[in-house]
Amino acid sequence: MPNTVTRAAIADGASEVTGLARADIVAIEQRMFELIGDALKAGETVKLTGFGTLQVRSRAERIGRNPRTGTQHRITPRHTVVFTPSARLREALDRLTKA
């Protein structure tokens, strides 16, 4: 199973590559995620060129079933974030699976 990349690991890697102080990178990273979160909360689509798109979608109310007991229950309507990878990212991932 692949390892999980954390925000701390991203900050460490960016600090090494850029030579900037880790504290500065963490501040930039924090603000970037705040801006992305604020845009999604406002119902906007976030497009990260070369990486993908984050979009808020509405999920309708539906009936769910407990797989263990078989009992049905109501799942309330909600909003969720959907990630769609860019063509460049999909192609790169496809090359990995073919190698």
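In this predicted model, Ser86 sits in the loop that joins strand 5 (78-85) to helix 3 (87-98), and this residue makes a convenient point of entry. With a relative accessible area of 14%, Ser86 is buried, because the cut-off for that class is under 20%. Leaving aside residues up to four places away in sequence, Ser86 touches Gly50, Phe51 and Gly52. One of these partners, Gly50, is 36 residues apart from Ser86 along the chain, yet the C-alpha atoms of the two are separated by 5.8 Å.

From that contact the reader can step to Thr49, whose place is in the loop between strand 1 (46-48) and strand 2 (52-59). In contrast to the buried Ser86, Thr49 counts as exposed, at 73% relative accessibility, since exposed residues are those over 50%. The C-alpha atoms of Thr49 and Pro85 are separated by 9.8 Å, and these two residues, like the pair Ser86 and Gly50, lie 36 residues apart along the chain.

The next stop is helix 1, which covers residues 7-18 and thus has 12 residues. At 1.5 Å a residue this helix should span 16 Å, and its end C-alpha atoms are indeed 16 Å apart, so the expected and the computed span agree. Within helix 1 lies Asp12, which counts as partly exposed at 33% relative accessibility. Thr18 also has its place in helix 1, and with a relative accessible area of 47% Thr18 is likewise partly exposed. Just after the helix, Gly19 takes a positive phi of about 80°.

How far apart in space are Asp12 and Ser86, C-alpha to C-alpha? The separation is 25 Å, for two residues that are 74 residues apart in sequence. For Thr18 and Lys98, which are 80 residues apart along the chain, the C-alpha atoms are separated by 32 Å.

These local views can now be set within the whole chain, which has 3 helices and 5 strands. Read from the N terminus on, the elements run α-α-β-β-β-β-β-α. The radius of gyration is 19 Å, well over the 13 Å that the globule rule gives for 99 residues, and the chain is therefore more spread out than a compact globule. Taken along the principal axes, the box filled by the C-alpha atoms is roughly 55 × 40 × 25 Å.

Burial and contacts add to this description of the chain. Of the 99 residues, 13% are buried, Ser86 being one of them. Among the contacts with a separation of 6 or more, 29% are between residues 24 or more positions apart; the contact of Ser86 with Gly50, across 36 residues of sequence, is an example of such a pairing.

The surface and the charges complete the account. The chain exposes about 8100 Å², of which carbon and sulfur atoms supply 57%. There are 16 positive and 10 negative side chains, and the centres of the two sets lie 12 Å apart.

Terms used: Residues numbered from 1 in each chain as written. Predicted model: local features only at pLDDT ≥ 70, side-chain atom pairs only at ≥ 80, totals over all residues. Heavy atoms only, no water. Helix = DSSP H or I, 4+ residues; strand = E, 2+ residues; numbered from the N terminus. Rg over C-alpha atoms; globule rule 2.2 N^0.38 Å. Buried < 20%, exposed > 50% of the residue type's maximum accessible area, 1.4 Å probe, protein only. Contact = heavy atoms within 4.5 Å. Areas by Shrake-Rupley, 256 points an atom, 1.4 Å probe, with all protein chains shown as cover. Lys, Arg positive; Asp, Glu negative; His and termini not counted. Charge placed at Lys NZ, Arg CZ, Asp CG, Glu CD. Expected span 1.5 Å × (residues − 1).
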